[in-house]
Amino acid sequence: MDSAIPTISPEDRPRALVVMGVSGCGKSSVGQSLADALGWTLHEGDAHHAEESIRKMQAGIPLTDEDRSGWLDTLARLLGTAVASPGPGVVLTCSALKRKYRDRLREAGPAGTVGFVFLDLGYETALQRVQERSGHFFSPELVANQFATLESPAGEGAVLSVDATLPLAEIVHRTRAWLDQTPEPTPNP
């Protein structure tokens with residue numbers, strides 16, 4: 001888990017943030033709080049899953065790369081539109097567990113315009129949070145699969161890792177500090 005806010009170079013300052021991590025890490029709460037604090041638009045990645053994928057997750061069946069392909073394409077289009085527009089940035093919640101998923105989302109805009117906030121959380125805490133929440137389609141039986149699938153984003157560009165057990169206000173503060181340390185990227189012509 002993190003101990004300091006990493007520095008990012010001016011060319012790596014994101015215009016779109018993907019709040020990522022395993023189920024139960026707090027993506028929705030952090031995403032909403034970041035969008036509010038930054039004045040950016042929020043997109044919940046879960047709202048864009050195909051009905052078949054939702055049924056599989058409700059039944060405790062892990063999604064495959066093929067299941068996620070169209071979903072990631074949709075999310076990348078959302079990011080691409082936001083990055084290309086002169087308006088406010090965008091915050092997207094998405095598990096983005098594998099490097100190739102994150103790379104697909106990064107391709108939505110010029111280098112450095114899509115950044116990631118990785119909400120780092122241990123298995124036991126994630127499982128407890130998923131078991132305690134109501135009204136969500138994600139089955140607690142899938143938490144172990146999420147940890148088995150997770151490829152840490154450590155060492156990738158434009159990634160801030162944050163301890164997901166920190167208070168929400170602290171996570172937002174660290175993310176804003178990370179974003180505020182560099183000038184805005186040059187807009188697309």
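This is a short tour of the structure, one selection at a time.

**The whole chain**

Start with everything shown as a cartoon. The model is predicted. Count the elements: the protein has seven helices and five strands. Follow the chain from its start, and the pattern reads β-α-β-α-α-β-α-β-α-α-β-α. The protein has 189 residues, and 47% of them are buried. Now think about contacts with a separation of 6 or more: 79% of these join residues 24 or more positions apart.

**The sheet**

Select the five strands. They form an open sheet in the order 2-3-1-4-5, with parallel pairing. Which strands sit at the edges? Strand 2 (41-44) and strand 5 (159-163) do, each pairing on one side only. Turn the sheet to see its twist, which averages 20° from one strand to the next.

**Strand 4 and its neighbours**

Select residues 114-120, which make up strand 4. How many of its residues are buried? Six of the seven are, so to speak of strand 4 as mostly covered is fair.

Add strand 1, residues 16-20. Strand 1 and strand 4 pair in the parallel sense over five bridges. Show the side chain of valine 18: phenylalanine 116 in strand 4 stands opposite.

Add strand 5. Strand 4 pairs with strand 5 in the parallel sense, over five bridges. Phenylalanine 116 has a bridge partner here as well, valine 159. Further along, leucine 119 stands opposite valine 162 of strand 5.

**Helices on the sheet**

Keep the sheet and select helix 7, residues 168-180. Helix 7 packs on the sheet and touches strand 1, strand 4 and strand 5. The direction of helix 7 makes about 160° with that of strand 5.

Next, select residues 65-84 for helix 3. Helix 3 lies across strand 1, strand 2, strand 3 (90-93) and strand 4. Its direction runs at about 165° to strand 3.

**A helix pair**

Show helix 7 with helix 1, residues 27-38. Two packed helices are described by the angle between their axes and the distance between the axes. Here the angle is about 50° and the axes are 10 Å apart. Helix 1 and helix 7 are therefore oblique to each other. Their crossing is right-handed. Show the contact side chains: helix 1 gives Ser29, Val30, Ser33, Leu34, Ala37 and Leu38. From helix 7 come Leu168, Ile171, Val172, Thr175, Arg176 and Leu179.

**Helix 5, two sides**

Select residues 123-132, helix 5. Which of its residues are buried? They are Ala126, Leu127 and Val130. Look down the axis of helix 5: the buried residues fall within an arc of 95°, so they line one face. An α-helix has 3.6 residues a turn, so residues three or four places apart point the same way. On the other side of helix 5, Glu124 and Glu132 are exposed. Add residues 143-149, helix 6, which is part of what covers the buried residues of helix 5.

**Last stop: arginine 106**

Select arginine 106, in helix 4 (residues 99-106). Is arginine 106 buried or exposed? Its relative accessibility is 19%, so arginine 106 counts as buried, the cut-off being under 20%. Now show what arginine 106 touches, leaving out residues up to four places away in sequence: Arg99, Val114, Phe116, Glu156, Gly157 and Val159. You have met two of these before, since Phe116 and Val159 are bridge partners.

Methods: Residues numbered from 1 in each chain as written. Predicted model: local features only at pLDDT ≥ 70, side-chain atom pairs only at ≥ 80, totals over all residues. Heavy atoms only, no water. Pairing = 2+ DSSP bridges. Helix = DSSP H or I, 4+ residues; strand = E, 2+ residues; numbered from the N terminus. Axes fitted to C-alpha atoms, helices over the stretch in contact; angles between N-to-C directions. Contact = heavy atoms within 4.5 Å. Buried < 20%, exposed > 50% of the residue type's maximum accessible area, 1.4 Å probe, protein only. Arc of directions from axis to C-beta. Parallel < 35°, antiparallel > 145°, perpendicular 65-115°, else oblique. Left-handed = near helix turned anticlockwise from the far one by under 90°.
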